[in-house]
Amino acid sequence: MLEDSKAFSGFAVPDVEKAKEFYGKTLGLKVSEDHGMLRLHLSGGNNVLVYPKPNHVPATFTILNFPVDDIDQAVDKLSKRGVHFEIYDQLDLKTDEKGIMRGKAPTIAWFKDPAGNILSVLESEGNGH
């Protein structure tokens with residue numbers, strides 16, 4: 001029944017304007033706004049809906065992943081744009097000083113949007129995203 005539906009994902013933020021600034025300017029994504037909601041236009045024709053929710057509670061899991069060819073380059077460029085990468089030092093979750101978890105596939109680095117939602121950049125083995 002839904003096999004031909006053009007499904008899309010969405011997530012909440014408390015402030016759509018802050019989200020528009022972060023996703024559009026800081027991350028450099030193409031964004032559009034309509035009826036108080038934000039649409040992220042991702043590579044490959046995929047869209048993600050960002051909608052306002054005043055009592056928003058950030059997700060405790062990664063809501064959006066960005067595959068990249070070179071994770072060090074992506075982390076460096078995003079850091080220069082003011083993105084702060086999370087540092088983890090747990091038994092099964094350890095990152096280096098740049099916030100990159102290496103040695104497990106995929107090599108990945110997590111960061112948060114202004115609403116506290118968790119995002120990542122990840123580099124797949126052999127760049128087979």
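The following exercises, each with a worked solution, concern the strands, cores and largest pocket of a predicted model.

**Exercise 1. The first sheet**

Determine the strand order of the open sheet that contains β1, and state which strands stand at its edges.

Solution. Begin with the order, which is β1-β4-β3-β2 in an open sheet of four strands with mixed pairing. Next, consider partners: β1 and β2 each have a single partner strand, so one side of each lacks a neighbour in the sheet, and these two strands stand at the edges. Direction ignored, neighbouring strands here are turned by 25° against each other on average. Finally, add the helix: α1 packs on this sheet and touches β1, β2, β3 and β4. The direction of α1 makes about 160° with that of β2.

**Exercise 2. The neighbours of β3**

Describe how β3 pairs with β2 and with β4, and identify the residues with positive phi in the two hairpins.

Solution. Take β2 (residues 30-34) before β4. The strands β2 and β3 run antiparallel and are joined by five bridges. Within this pairing, K30 stands opposite H41, and S32 has R39 as its bridge partner. Two residues lie between the strands of this hairpin, where H35 takes a positive phi near 55°.

Turn now to β4 (residues 47-52), which pairs with β3 over four bridges, again in the antiparallel sense. Here H41 stands opposite N47. H41 thus faces K30 of β2 as well as N47 of β4. The hairpin of β3 and β4 has five residues between the strands, and G44 takes a positive phi near 90°.

**Exercise 3. Two faces and a loop**

Assign the residues of β3 (residues 37-41) to a covered and an uncovered face, then classify S43 as buried or exposed.

Solution. In a regular strand, side chains alternate between the two faces of the sheet. In β3 the covered face carries L38 and L40, while M37, R39 and H41 belong to the uncovered face. Beyond the strand, S43 is located in the loop between β3 and β4. The cut-off for exposed is over 50% relative accessible area. S43 has 73% relative accessibility and therefore counts as exposed. A distance places this loop residue relative to β2: the C-alpha atoms of S43 and K30 are 9.2 Å apart, with 13 residues of separation along the chain.

**Exercise 4. The second sheet and T107**

Establish the order of the sheet that contains β9, and decide whether T107 is buried or exposed.

Solution. The order of this open sheet of four strands is β5-β10-β9-β8, with mixed pairing. Its edges are β5 and β8 (100-101), since each has a single partner strand and so has one side without a neighbour in the sheet. Two bridges join the antiparallel strands β8 and β9, and M101 stands opposite I108 of β9. The helix α2 lies across β8, β9 and β10, at about 140° to β10.

T107 belongs to β9 (residues 107-112). Its relative accessible area is 14%; buried means under 20%. T107 is therefore buried. Leaving aside residues up to four places away in sequence, T107 touches I71, I100, M101, R102, V121, L122 and E123.

**Exercise 5. Cores and pocket**

Locate the largest nonpolar core and the largest pocket with respect to the elements of the fold.

Solution. The largest nonpolar core has 30 residues, and those with the most contacts inside it are F11, Y23, L27, L40, L64 and V121. Two or more residues come from each of β1 (9-13), α1 (16-26), β3, β4, β5 (62-67), α2 (71-80), β9 and β10 (118-123). Another core, of seven residues, lies apart from it and includes L93, I108, I118 and L122. The contacts of L64, not counting residues up to four places away in sequence, are F11, L40, L42, V48, I118, L119 and S120.

For the pocket, start with its volume: the largest pocket holds about 510 Å³ of space. It is lined by 21 residues, with L27, L29, F66, P67 and V68 nearest its centre. The elements that give two or more residues to this lining are β5 and α2. L27 appears in both parts of the solution, as one of the core residues with the most contacts and as one of the lining residues nearest the pocket centre.

Technical notes
Residues numbered from 1 in each chain as written. Predicted model: local features only at pLDDT ≥ 70, side-chain atom pairs only at ≥ 80, totals over all residues. Heavy atoms only, no water. Buried < 20%, exposed > 50% of the residue type's maximum accessible area, 1.4 Å probe, protein only. Pairing = 2+ DSSP bridges. Contact = heavy atoms within 4.5 Å. Core = buried A, V, L, I, M, F, W, Y, C linked by side-chain atoms within 4.5 Å. Axes fitted to C-alpha atoms, helices over the stretch in contact; angles between N-to-C directions. 1 Å grid on protein atoms, 1.4 Å probe; cavity = no way out; pocket = protein on both sides within 12 Å on 5 of 7 lines; lining within 4 Å. Points joined across faces, edges and corners; volume = space filled by probe spheres on them.
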